[in-house]
Amino acid sequence: MTRLPAGGGRNPADAEAVLAALARTPGDVAAARRVARQFADLDDGERSALLWSEDPGARLVAVLLLVQAMRERPDPELTDEYLSAAKAERFDDTVLVDLAAEELVGAPLVGGSTGPLYALVKSDVAMVRRIAVVATLAFVKQGDDEVPLGIAGRLVRERSETVQSAVGWVLRETGKRASEPALIAFLERSGRFLTPSARRTATEHLPPAERERLRA
């Protein structure tokens, strides 16, 4: 079992207990959620030790703990903690973005400045750019098509599959939940820059004739 560093001089036993609990599970997302609920009161320093661990399961539980904490009491420091790890390239699995970016990064910005999202778009780290895209789902769910399409527009020429797959996903959700006409207009203007896979995802909910036209 991976030995975790102590956080801020704290006893790392709690972090080790998390890994021990996770080791008794199949190690999937559902199991990680159960472990995160079990250790919901884990000390902040121990959570940080998990987040910066070399153990993938530890990082997953840490991200889920951050989401739980944000739901309980919104705090910008939780967002900062999450983004610091992402910018340091600690995330090597898109699930760490897809399970958390909306709530940790997007939701706090709804109704306020979206400047932080556009700053993330400029990152050299593909996972951070994916966070910028996935975070816009918080806006999509409010019926806002402007923010997700704006971010997608900045990244539509992106060649990284890490980013392109997220763009396709968010475009599809924008058409389903916010504005189908706005999505169609976006795809008519910029769809040719998407990878074929992202374009298929973005159009899969559209009527067959429209779907085929925009995939051509």
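This report walks through the overall fold of the chain, its nonpolar core and one buried serine.

The model is predicted, so local features need pLDDT of at least 70 and side-chain atom pairs count only at pLDDT 80 or more, while totals for chains, interfaces and linings use all residues. Residues are numbered from 1 along each chain as its sequence is written, and side-chain values use heavy atoms, with hydrogens and water left out.

Let's start with the whole chain, which has 15 helices and zero strands (DSSP runs, H or I of at least four residues for helices and E of at least two for strands, numbered from the N terminus).

| Property of the chain | Value |
|---|---|
| C-alpha span along principal axes | about 60 × 35 × 30 Å |
| Buried share of the 216 residues | 51% |

Buried here means under 20% relative accessible area, exposed over 50%, and partly exposed in between, with a 1.4 Å probe and protein chains only.

The largest nonpolar core (buried Ala, Val, Leu, Ile, Met, Phe, Trp, Tyr and Cys joined through side-chain atoms within 4.5 Å) holds 69 residues, and Leu 171 is one of those touching the most other members. Helix α4, residues 56-72, gives this core its largest share, 10 residues. Beyond its neighbours within four places in sequence, Leu 171 has contacts (heavy atoms within 4.5 Å) that include Leu 149, Phe 186 and Ala 202.

Now for the serine: Ser 179 sits in the loop between α12 (161-177) and α13 (180-190). Ser 179 is buried, at a relative accessible area of 16%. Leaving aside neighbours within four places in sequence, Ser 179 is in contact with Asp 145 and Thr 174.
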